[in-house]
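Colleague: I am new to this one. Could you show me the model and explain the labels you use?

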Amino acid sequence: LYKARPDLVNCGRTLFGKLPTRHQQGDLNYFQPIPGRVQELLDIAQAEMLKIGCPMAVKHNEVAPGQHEMSPVFRTANVSCDSNVCFMEVMNREAAKLGLQVLFHEKPFAGINGSGKHANWSIGTDTGLNFFYPGKNEAGAKLYVTAIACLAYGLAQYNEMVRCTVAHSGNDHRLGAQEAPPAIISLYPGQGFEQHVESIVNGGDLLGYKAEKKKQATG
């Protein structure tokens with residue numbers, strides 16, 4: 001099927017066509033079992049990545065049909081980016097051996113999620129102190145609140161510069177879907193911390209925030 005579509009072969013995405021009746025409504029694909037042949041490919045890729053020193057941590061379906069995710073174990077951000085590139089090379093090589101084709105375009109099919117290729121990041125010290133971890137004592141909480149405030153200020157002051165670092169055709173294809181960046185630079189710290197910020201603005205205690213684990217309602 002892949003070779004029957006010149007647009008997929010030459011561009012990595014379809015240039016014409018129509019959405020199927022069932023695509024990614026309700027994010028249902030996320031909860032289905034990984035297809036057998038895809039599971040085989042992911043297992044092989046995981047083993048091959050381990051051989052070159054890139055252990056993989058995650059292996060599951062994603063929102064769109066035929067969309068699956070693997071992620072390298074957390075490490076220094078630029079090394080993680082290199083790991084992503086190595087992973088794509090391994091996937092292409094091993095998929096060909098199984099008669100499969102991996103599409104790494106951000107939107108291989110119009111209106112359906114594609115490849116994210118993002119690198120999540122944090123900031124910390126060489127002693128393991130994470131600036132974006134709420135902490136379990138007053139010093140940790142103060143560091144966390146300060147780090148979020150600095151990040152928010154930096155985004156507000158230098159949003160054009162941040163946007164320039166990601167403003168390319170690949171990211172523009174990703175805009176507006178799950179885990180994709182919006183066309184504006186924004187910061188969403190979560191409902192709990194957002195309420196804490198509102199409290200500080202209204203004169204509340206700077207150290208009043210406590211991270212809480214809650215169960216997600218299923219009904």
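**Helix crossing and ring pairs**

Modeller: The axes of helix H4 (residues 138–157) and helix H5 (residues 159–166) come within 5 Å and cross at roughly 85°. Axes are lines fitted to C-alpha atoms, for helices over the stretch in contact, with angles from 0 to 180 degrees between N-to-C directions. Helices are DSSP runs (H or I, at least four residues), numbered from the N terminus. This is a predicted model: local features need pLDDT of at least 70, side-chain atom pairs pLDDT 80 or more, while totals for chains, interfaces and linings use all residues. Residues are numbered from 1 along each chain, and side-chain values use heavy atoms, without hydrogens and water.

Colleague: Why is H4 called roughly perpendicular to H5?

Modeller: The angle is roughly 85°. The label covers 65 to 115 degrees, so H4 is roughly perpendicular to H5.

Colleague: What makes Trp121 and Phe132 an edge-to-face pair?

Modeller: Their ring centres are 6.2 Å apart and their planes stand at 70°. Rings of Phe, Tyr and Trp (its six-membered ring) pair if their centres lie within 6.5 Å, and planes over 60 degrees apart count as edge-to-face. So the pair is edge-to-face.

Colleague: Which label fits Tyr144 and Phe193?

Modeller: Edge-to-face again, with 5.2 Å centre to centre and 80° between the planes. Tyr144 lies in H4 and Phe193 in helix H7 (residues 191–201), so the pair ties together parts 49 residues apart in sequence. Both residues are buried (under 20% relative accessible area, 1.4 Å probe, protein chains only).

Colleague: How do you know that Arg5 lies over the face of Phe16?

Modeller: Arg5 is at 4.8 Å from the ring centre. The rule asks for CZ of Arg within 6 Å of the centre and within 35 degrees of the ring normal.

Definitions and conventions. Helices (H or I, at least four residues) and strands (E, at least two) are DSSP runs, numbered from the N terminus. Angles under 35 degrees count as roughly parallel, over 145 as roughly antiparallel, 65 to 115 as roughly perpendicular and the rest as oblique. Rings of Phe, Tyr and Trp (its six-membered ring) pair if their centres lie within 6.5 Å; planes under 30 degrees apart count as stacked, over 60 as edge-to-face and the rest as tilted. Buried means under 20% relative accessible area, exposed over 50%, partly exposed in between (1.4 Å probe, protein chains only).
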